[in-house]
Amino acid sequence: MTTHSLPARTDDPARTSVEKPAGRGGRRLLRQRAGRQHHAGPLAYVLLVIMAVLSIFPLYWTMVAASTDNTRVSQTPPPFLPGPNLFSNLARAWDEAALGKAMMNSLVVAGVIALSTVMFATLAGFAFAKLRFKGRNVLLMLVIGTMMVPPQLGVVPLFMMMSELGWSQQLPAVIFPTLVSAVGVFFMRQYLSEALPDELVEAGRVDGAHSLRIFWSIVLPVARPAMAVLFMITFVHAWNDFFWPFVVLDMTNPTVPVALTQLSAGYVRDQSLIMAGALLGTLPLLAMFIVFGRQIVSGIMAGAVKG
């Protein structure tokens, strides 16, 4: 009896899927698939338009209310089209609230707080993510635990400390207590744990670089997208912060939220004037988003692509 060896099957799906891209045509097909753009359906576009309208409507209503008078704003139904008094109300709000000095103060406060938070949080995040030292997990738990303490509990001792330092009613009293945040440290630690490979740090060690050199040459380029996001979030939060600046500052040296309280003084509040002041206080943030928004989004997308 003669035995015939069966020929090897070449239609195995696993073998075909592995061997097919090895040819020139397979590689061309993969490149075409990789460069293909995926288009969303009409439902996705409808949802995006609805979300965009809902997001823009509060800003639009602020502009409408700032362009009318107090009587028209209080009517039912309220106006939905801009009125003729926008620039006159903006000028009144600028003068009555002294928003020129307030905006300079807010720019200094928010800029210093955002820069210091980004730098210190990146340093601490790198240490917690990639350095090995005794008590690292305990210190990280302590940092996270501070996020659970309401900030109102520390107002009295913090105000007493600022008074002892002679910083009451001065901008350093607003800046120094918020030079770094636990949220920023945790955010940068989580990002660097995933985005920074251990091999890069070890390669720097092999080349003889110390920790600060590794941080400057390796960590900062990798952490740039997260740093941009953290800077924007911190800047907006510091710009809009009202409670602590209202406690420690006065009307002679206010930030923008503190200065806007002057517009609501009196027995009858002029809602159109208040809205005009709120619109002026929002314009610098809108300008920052318009100028730097594309860079921040592109940085996030670049940091999200691996390989």
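Is D198 buried, exposed or partly exposed? Partly exposed, at 40% relative accessibility. I will come back to that residue. A word on the source before anything else: this is a predicted model.

Let's start with the whole chain. The protein chain has 15 helices and 0 strands. It runs to 307 residues, and buried residues make up 31% of them. The chain exposes about 20000 Å². Carbon and sulfur atoms supply 68% of that exposed area.

Now the contacts. Take those between residues at least 6 apart in sequence. Of these, 72% join residues at least 24 apart.

On to the salt bridges. How many does the structure hold? The count is 3. Let's go through them.

Back to D198. Its side chain meets that of K130 in a salt bridge, at 2.7 Å from N to O. D198 lies in helix α11, residues 198-206, and K130 lies in helix α6, residues 99-130. So the pair ties together parts that are 68 residues apart in sequence. What about burial? D198 is partly exposed, as I said. K130, at 13% relative accessibility, counts as buried. Why buried? Because 13% falls under the 20% cut-off.

Next, R92. Which residues share a salt-bridge network with R92? They are E96 and D270. Look at each link in turn.

First link: D270 to R92. The closest N and O atoms are 3.5 Å apart. This pair links distant parts of the chain, 178 residues apart. R92 sits in helix α5. D270 sits in the loop between α14 (256-260) and α15 (271-304). D270 is buried, with a relative accessible area of 18%.

Second link: E96 to R92. Here the closest N and O atoms are 3.8 Å apart. Both residues belong to helix α5, residues 86-96. They are 4 residues apart, so about one helical turn separates them.

How accessible are these two? E96 counts as partly exposed, at 43% relative accessibility. R92 also counts as partly exposed, at 34%.

To recap. The chain has 15 helices and 0 strands. D198 and K130 meet in a salt bridge, and that pair ties helix α11 to helix α6. R92, E96 and D270 are linked in a network. In that network, E96 and R92 are both in helix α5, while D270 is in a loop.

Note on methods
Residues numbered from 1 in each chain as written. Predicted model: local features only at pLDDT ≥ 70, side-chain atom pairs only at ≥ 80, totals over all residues. Heavy atoms only, no water. Helix = DSSP H or I, 4+ residues; strand = E, 2+ residues; numbered from the N terminus. Buried < 20%, exposed > 50% of the residue type's maximum accessible area, 1.4 Å probe, protein only. Contact = heavy atoms within 4.5 Å. Areas by Shrake-Rupley, 256 points an atom, 1.4 Å probe, with all protein chains shown as cover. Salt bridge = Lys/Arg side-chain N within 4 Å of Asp/Glu carboxyl O.
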